[in-house]
Amino acid sequence: MDPKSLVDQIDEKACLDFLSKMVQHKSHSETEGEKDLARWMAKELGKIGVEAELQAFDEGRRFNTIGRLKGQGGGRSLLFNGHLDTNPVTEGWTVDPYSGLVDDKFIYGIGVSNMKAGDAAYFCAVKILLDAGVKLKGDVVLTFVVGELQGGVGTLAAISSGVKADYFINSEPSDLVAVTMHAAALSYVIELTGDTRHLSKREESVDAIAAACDIIPRINAMTFSGAKSDTHRSINRGHVGVIHGALGRDLAEWRPPQVADFVRLRGSLRYAPGQTQESVLADVDAELRLLKGRFPGLEAKLVPDMIEGRPLMPPFEVSPDSRIVKSINAAYEAVRGKKQPTGAITPTRFYGTDAGHLYHELGMEGIVCGPGGRYNTMPDERVDIVDYLDMIRIYMLTILDICEVA
């Protein structure tokens, strides 16, 4: 069996049609449509001869689709991981977000980049190998999870059920680069309490909005203590994404001549493997102590913004010398004829993905590498057709290398 001939015989139209059908499922997170797509994926797995399971969690309100292609023994196992649920549609679309439109360059649709193209790529990779009669030594596990958008609850449920393998590929959109490290994603709330006065006596006040304007750029410029290397420090980032300021904790807005005495900030902190939630929050708290020195009388409170039932997405790291990294690097070079960009690459290094759970909970070696990214989560979300089709080819070659032909 010649791997190159397998890659060359890919039915491009069939692969695009499959992805288009996935996009046509309105699978917004925590909706009935999410369940419908999971059921459809299970049926499609069954059609190609892959054992499929609908795996219920959250007291039966949600479920993942898990496919298992059993090998004949003696090879390494490979797990693919991606989520089926999507964000809602925003304003600004010029094409139908649910049509799965294909033109000469792109395939469009809500969730096509994040991350149905990745899901479809590993499904099609396995289907093409099976259609060609390929038998593998090692197992291939296909996990189509939900709840990544709620902190990875679906992948954690799959892990709890015993799903695992020797290596994994998380197919989050990376524009086909091999991401060997990404940050943890920690949300937080800061409450700033000042002392109001009428604007005529503003000099006597403690202006919470002025304090917020002071601290926001400092948080946005932060890196954190305890980084193991410059590369680890490079995936540190503080961000403020929400600011509410007015009078009192209820944020009354009808009296703008008064100095605002309360501001609530919400944001996210991204930190590397080896750094901890506690140390990162301590670094931000130190900035708030300095802020209080610049604004005497100001009170500042920092707390993690933990939504009940939503876990922290931990950081992820793999050695560039890992077999899975070398395998996908070689597959990329065989398909595209050049070296694959590999490492803690912007913007992907600031993602939070389910790779963190597979790494943290199971100690698995893996890689984040998927189609899409540059047009991710935006109006007219789309994926370059060439990237999607090349990702299928790269996944095929990686399966053949890791699992081995029987």
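Which residues line the largest cavity? The legends below concern a predicted model, and the opening view answers this question.

**View A. The largest cavity and its lining.** The largest cavity is lined by L79, N81, T143, T155, A158, I159, V163, L358 and L362. About 40 Å³ of space lies inside this cavity. A search for cavities of 30 Å³ or more finds one in the structure. Three elements, namely β3 (78-83), α5 (153-160) and α10, each supply at least two of the residues in the lining. Of the elements, α5 gives the most, with three residues. By character, the lining divides into six nonpolar residues and three polar residues, with no charged residue.

**View B. An aromatic pair between a strand and a helix.** The structure holds nine aromatic pairs. In one of them, the ring centres of F316 and Y359 lie 6.0 Å apart and the ring planes stand at 85 degrees; the pair is therefore edge-to-face, since planes over 60 degrees apart are counted in that way. F316 belongs to strand β13 (residues 316-317) and Y359 to helix α10 (residues 355-362), so the pair ties together parts that are 43 residues apart in sequence. F316 has a relative accessible area of 0% and is therefore buried. Y359, by contrast, has a relative accessibility of 27% and counts as partly exposed.

**View C. An aromatic cluster.** Four residues, F80, Y122, F144 and Y395, form one aromatic cluster.

**View D. Charged ends over aromatic rings.** What sits over the ring of F350? The charged end of R237 is placed there, 4.0 Å from the centre of the ring. In another such arrangement, the charged end of R382 sits over the ring of Y375, 4.0 Å from the ring centre.

**View E. A salt bridge between two buried residues, D85 and R62.** Throughout the whole structure, 33 salt bridges are found. One of the salt bridges joins the side chains of D85 and R62, with 3.8 Å from N to O. D85 lies in the loop between β3 and β4 (106-108), whereas R62 lies in strand β2 (residues 62-69); the pair links distant parts of the chain, 23 residues apart. Are these partners buried or exposed? Both D85 and R62 are buried.

**View F. A salt bridge between two strands, β11 and β9.** The side chains of R264 and E191 meet in a salt bridge, at 3.5 Å from N to O. R264 is found in strand β11 (residues 262-271) and E191 in strand β9 (residues 184-193), and their contact links distant parts of the chain, 73 residues apart. The relative accessibility of R264 is 16%, so this residue counts as buried. E191 is likewise buried, because its relative accessible area is 14%, and the limit for a buried residue is under 20%.

**View G. A salt bridge with an exposed partner, D321.** The side chains of D321 and K326 form a salt bridge of 3.8 Å from N to O. D321 is exposed, with a relative accessible area of 60%. K326 has a relative accessibility of 46% and therefore counts as partly exposed.

**View H. A network of salt bridges.** Which residues are joined into one network by salt bridges that share partners? The members are E12, D175, R336, R374, D384, D387, D390 and R393.

Note on methods:
Residues numbered from 1 in each chain as written. Predicted model: local features only at pLDDT ≥ 70, side-chain atom pairs only at ≥ 80, totals over all residues. Heavy atoms only, no water. Phe/Tyr/Trp six-rings, centres within 6.5 Å; stacked < 30°, edge-to-face > 60°. Helix = DSSP H or I, 4+ residues; strand = E, 2+ residues; numbered from the N terminus. Buried < 20%, exposed > 50% of the residue type's maximum accessible area, 1.4 Å probe, protein only. Lys NZ or Arg CZ within 6 Å of the ring centre and 35° of its normal. 1 Å grid on protein atoms, 1.4 Å probe; cavity = no way out; pocket = protein on both sides within 12 Å on 5 of 7 lines; lining within 4 Å. Points joined across faces, edges and corners; volume = space filled by probe spheres on them. Nonpolar A, V, L, I, M, F, W, Y, C, P; charged D, E, K, R; others polar. Salt bridge = Lys/Arg side-chain N within 4 Å of Asp/Glu carboxyl O.
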